[in-house]
Amino acid sequence: KTRIGVLTSGGDCPGLNAVIRGVCRAADKLDWEVIGFRDGYEGLLPPGDYFTLDRRNTSGIMHLGGTILGTTNRGHFVAKVGAGDKAAIPQDIIDQAKQTFHNLGLTALVCIGGDGSLSTALQLFENGIPVIGVPKTIDNDLEATAMTFGFDSAVACVADALDRLHTTATSHKRVMVLEVMGRNAGWIALHGGLAGGADVILIPEIPFSVEKVAEEVLRREKEGAKSTMIVVAEGAAPDGKPLRHAVASGEHRLGGVGDIVGKEIADRTDKEVRTCILGHLQRGGAPTTLDRILGTRFGVKAVQLIEEKKFGTMVSYQNYLTLDVPISHAVHKLRRVTEDSQLVSAARAVGISFGD
Ligand code: F6P
């Protein structure tokens, strides 16, 4: 009987369980067995931390956030800079993973993860493990796929937060600053800000000055606006000064760019300003219907790629189709917002300021 493995690695993301369920259901149709590894690649370390996934234990999980397999962005599979200048996972760790893979008689390993986890998948593939990658990130910043599951859920969370903040902001005639995730890209801020009716959106890709933002707040007040809603991406750089700590993964953060923007606006306008850092609320909870569908399709496609023996490839979404691209072409290629894009133009057309 064909046996395949599946794992989720890196930061969690709404829709992961839909992918796992999709893999299981599609594999079940082919009468394959599915082994789920716990806590990302760590589950591959001997003796192996895994359990059999079947229709029963993957039933009723699609609408749940997080991952039933557990995940980590730490541990033994974090690439280290070795003798050469290229960061890589130590060879003995790779060899141990290979051992578990072979001991279990697996045909392929489905690795669901973001850029870092896909680099690990690539290294495993280069070492003889037949892998299939499934891209995952709420940030939606991978060049090789037009969309990743989890993004729509994060955007919905931002829009919901703006709706809520709006009523309290107008009641008090305040300025609200909402800091959102996205690492070094402004996609969540841009989409969430548009959907939630933000007045100002500050993103890493468009240089802005806090002075201009303050002017916009005062201009709006003069026009009779009762509030100003500002969305700021965590990777945004006020006056060209990026806050590195705001985008570092795995570290505890004490206030980020939202606090800085909020304080600068308060100092310059004499308005009451409040800041809200949305944080991991954007990563938790139920996936939207779009992410459930996208996750399911990605899982089904991964099984199809195993059937076709297209190892070393990653599922990609382009023009409403699930396709495949070599993982080697996909890693370390990040997509960022472009200033001359239709989306930015549309935002400007409805009166959104980028503080530039
Ligand atoms: O890449 C996803 C993401 O949620 C980013 O938007 C954010 O910067 C980062 O991960 C947070 O990572 P952690 O959960 O390790 O704090």
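Which residue in strand 11 is the bridge partner of Val-175? In this predicted model, the partner is Val-273. That pairing belongs to a sheet, described next.

The sheet is open and has four strands. Their order is 9-10-8-11, and the pairing is parallel. Strand 9 (200–202) and strand 11 form the edges, each pairing on one side only. Neighbouring strands are turned against each other by 20° on average, direction ignored. Two helices pack on this sheet. Helix 4 touches strand 8, strand 10 and strand 11. The direction of helix 4 makes about 165° with that of strand 8. Helix 6 (residues 210–222) touches strand 8, strand 9 and strand 10. Its direction makes about 160° with that of strand 10.

Strand 8 (residues 175–180) pairs with two strands of the sheet. With strand 10 (residues 228–233), strand 8 pairs in the parallel sense over six bridges. Here Glu-179 stands opposite Val-232. With strand 11 (residues 273–277), the pairing is also parallel and runs over five bridges. Leu-178 stands opposite Cys-276 in strand 11.

Strand 8 is mostly covered, with six of its six residues buried. In a regular strand, side chains alternate between the two faces of the sheet. Strand 8 can be read in these terms. Val-175, Val-177 and Glu-179 point one way. Met-176, Leu-178 and Val-180 point the other way. Residues on both sides are buried, Glu-179 among them.

The largest nonpolar core holds 105 residues. Helix 4 (residues 151–172) supplies the largest share of this core, 10 residues. Four residues have the most contacts inside the core: Val-23, Val-110, Leu-202 and Ile-230. The surroundings of Ile-230 can be listed, leaving out residues up to four places away in sequence. Ile-230 touches Val-175, Met-176, Val-177 and Leu-178, which are residues of strand 8. Ile-230 also touches Ala-198, Asp-199, Val-200, Leu-202, Val-213 and Val-261. Leu-202 thus appears twice: it is touched by Ile-230, and it is one of the residues with the most contacts inside the core.

A further helix completes the description. Helix 8 (residues 289–307) has 19 residues. It reaches 27 Å from its first C-alpha to its last. This is close to the 27 Å expected at 1.5 Å a residue. Just after helix 8, Lys-309 takes a positive phi of about 55°.

Technical notes
Residues are numbered from 1 along each chain as its sequence is written. This is a predicted model: local features need pLDDT of at least 70, side-chain atom pairs count only at pLDDT 80 or more; totals for chains, interfaces and linings use all residues. The expected span of a helix is 1.5 Å times one less than its number of residues. A nonpolar core is a set of buried Ala, Val, Leu, Ile, Met, Phe, Trp, Tyr and Cys residues joined through C-beta atoms within 7 Å. A residue is buried if 20 or more other C-beta atoms lie within 10 Å of its own, exposed if 12 or fewer, and partly exposed in between; C-beta atoms are placed from the backbone. Two residues are in contact if their C-beta atoms, placed from the backbone, lie within 7 Å. Two strands pair if DSSP finds at least two bridges between them. Axes are lines fitted to C-alpha atoms, for helices over the stretch in contact, and angles run from 0 to 180 degrees between N-to-C directions.
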